[in-house]
Amino acid sequence: MQLLLLIIAVLLLLLYILLIFYYRAGWMQLPSFTSANRQPHTKISVIVPARNEESVIGNCLTSILQQSYPQQLFEVIVVDDFSEDNTAAVVNSFNNSNVKLLSLSDYITANETQSYKKKAIEIAVQQATGELIVTTDADCVVLPNWLNTIAAFYEETQAAFIAMPVVIKPVTGFIGIFQSLDFMTLQGITAASVHKKFHSMCNGANLAYTKKAFTAVNGFKDIDNIASGDDMLLMHKIYKQYPQKVFFLKSKEVIVQTLPVNTVAEFFNQRIRWASKADKYDDKRIFAVLLVVYLFNVLLLILPFMALLKNYQLSILNYSLLIGAAWLVLLLCKTAAELFFLFPVARFFKMQRLLWWFPLMQPFHIIYTVIAGWLGKFGTYKWKDRKVK
């Protein structure tokens with residue numbers, strides 16, 4: 001049994017390394033884009049769903065309103081999702097004609113849906129006057145050339161859907177460093193997979209799509225029974241209809257900074273929410289990738305325990321020692337392959353210094369992947385103070 005598991009683990013390792021190298025090639029092939037010397041003219045509607053965000057929504061709106069993009073060419077629509085704090089008051093305090101506040105409670109009742117964020121975005125899109133919809137989260141901060149670069153890229157490519165980079169705000173401490181590394185890895189994979197058209201990935205904190213494309217695929221219809229997925233599930237719907245019009249915008253000018261979670265419990269809750277969508281993807285390519293990654297991590301987790309089991313069969317080989325040594329080699333190979341992938345990604349995000357921590361985080365990453373993956377399928381999570389099955 002031990003040797004069989006070891007052989008399977010080696011095969012999965014080889015498959016995993018090929019996958020990581022493929023992602024690295026995709027990242028390196030993806031050209032960087034700049035909006036220098038461009039004067040785009042697209043009308044943009046920025047949508048910000050918000051629930052109980054009074055402490056952060058002000059910084060978010062300030063950064064959006066400080067855009068280099070002409071003020072007459074963009075609007076900001078904040079959708080208050082049944083907030084129980086002063087989120088609406090903070091938004092109204094801006095008293096800016098570019099900012100419009102909608103209350104979700106004016107359109108639905110509190111228990112009418114499970115996918116509040118999707119409903120908020122859907123209502124905002126209906127009210128939007130822009131040709132291009134851009135979404136971000138209330139706890140995010142954007143750079144001054146964010147909209148200008150997005151519009152320039154859209155006008156050059158005529159994209160139907162644009163995924164863009166997100167980074168965790170730099171923090172110290174174990175959980176801060178851990179999620180920064182994990183998030184950066186996901187961002188590199190996102191960029192590579194979208195560029196290669198290998199599978200659909202994105203993050204709702206930094207997306208753009210045309211109102212025409214959103215309408216053409218009937219928005220969130222058929223996926224509105226799933227609490228989350230306002231990003232990747234929508235992306236794949238649009239990809240199926242516009243396969244050559246889905247892009248990743250690789251530009252430092254459009255990096256959106258989001259806040260980290262503060263505790264291990266919050267981190268697991270977030271990742272369980274992300275994992276809960278794994279079997280909901282219509283894009284079966286990403287499900288296959290997630291399955292390979294999950295099974296490989298499961299074996300990496302159980303092999304050390306298998307090595308401790310006594311083997312009463314007479315044999316020259318010490319199976320326990322063999323399994324233990326093989327596990328260490330597997331772990332080192334996995335770490336080396338991932339670092340090879342992460343070096344150029346870390347340079348893009350200017351986070352090279354964090355790579356020193358990467359090998360030390362490996363055991364914790366394996367444990368979290370297995371636990372979050374399992375609970376994402378069979379557990380529950382909380383999102384914006386709501387419990388979701």
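This note goes through the helices, cores, voids and selected residues of a predicted model.

1. Basis. The model is predicted, so local features need pLDDT of at least 70 and side-chain atom pairs count only at pLDDT 80 or more, while totals for chains, interfaces and linings use all residues. Residues are numbered from 1 along each chain as its sequence is written, and side-chain values use heavy atoms, with hydrogens and water left out.

2. Helix α4. Helices (H or I, at least four residues) and strands (E, at least two) are DSSP runs, numbered from the N terminus. The expected span of a helix is 1.5 Å times one less than its number of residues. For the 12 residues of α4 (residues 116-127) this gives 16 Å, and the end C-alpha atoms are 17 Å apart, which agrees. Buried means under 20% relative accessible area, exposed over 50%, and partly exposed in between (1.4 Å probe, protein chains only). On that scale 9 of the 12 residues of α4 are buried. Among them are the charged-type names K117, K118 and E122, alongside Y116, A120, I121, I123, A124 and V125.

3. Helix α5. The 12 residues of α5 (residues 146-157) should span 16 Å, and the end C-alpha atoms of the helix lie 17 Å apart, in agreement. α5 is mostly covered, with 10 of its 12 residues buried. The buried set runs through W146, L147, N148, T149, I150, A151, A152, F153 and Y154, and also includes T157. Just after α5, Q158 takes a positive phi of about 55°.

4. Nonpolar cores. A nonpolar core is a set of buried Ala, Val, Leu, Ile, Met, Phe, Trp, Tyr and Cys residues joined through side-chain atoms within 4.5 Å. The largest has 89 residues, of which F161 and M184 touch the most other members. Helix α11 (residues 319-349) gives the largest share of this core, 12 residues. A second, separate core of 40 residues includes L65, L73, L147 and A208. Contact means heavy atoms within 4.5 Å. Leaving aside residues up to four places away in sequence, M184 touches L342, V345, A346, F349, M351 and L355.

5. N206. This residue sits in the loop between α6 and β8. N206 is buried, with a relative accessible area of 0%. A polar contact is a pair of N or O atoms within 3.5 Å; within protein, one must be able to donate a hydrogen and the other to accept it, and residues adjacent in sequence count only if both atoms are side-chain atoms. The side chain of N206 makes one with the side chain of W146 at 3.0 Å, and reaches the backbone oxygen of V254 at 2.8 Å. Not counting residues up to four places away in sequence, N206 touches T135, W146, I162, A163, M164, P165, V166, V254 and V256.

6. T87. Helix α3 (residues 87-92) contains T87. T87 counts as buried because its relative accessibility is 1%. Its side chain reaches the backbone nitrogen of E53 at 2.8 Å. Beyond residues up to four places away in sequence, T87 touches A50, N52, E53, E54, I57 and D80.

7. Pocket and cavities. On a 1 Å grid over the protein atoms alone, a cavity is a set of points where a 1.4 Å probe fits but cannot get out, and a pocket is an open set with protein on both sides within 12 Å along at least five of seven lines; lining residues have an atom within 4 Å of a point. Grid points are joined across faces, edges and corners, and a volume is the space filled by probe spheres set on the points. The second largest pocket has a volume of about 330 Å³. Its lining has 17 residues, and V167, P170, I255, Q257 and F349 are the closest to its centre. The whole structure holds 2 cavities of 30 Å³ or more, and the largest has about 50 Å³ of space. S193, V194, K197, H199, S200, M235, Y239, V246 and R285 line the largest cavity.

8. Positive phi in loops. Most residues other than glycine have a negative phi. F82 has a phi near 50° and lies in the loop between β2 (74-80) and α3. K197 has a phi near 55°, lies in the loop between α6 and β8 (207-210), and is partly exposed at 25% relative accessible area.
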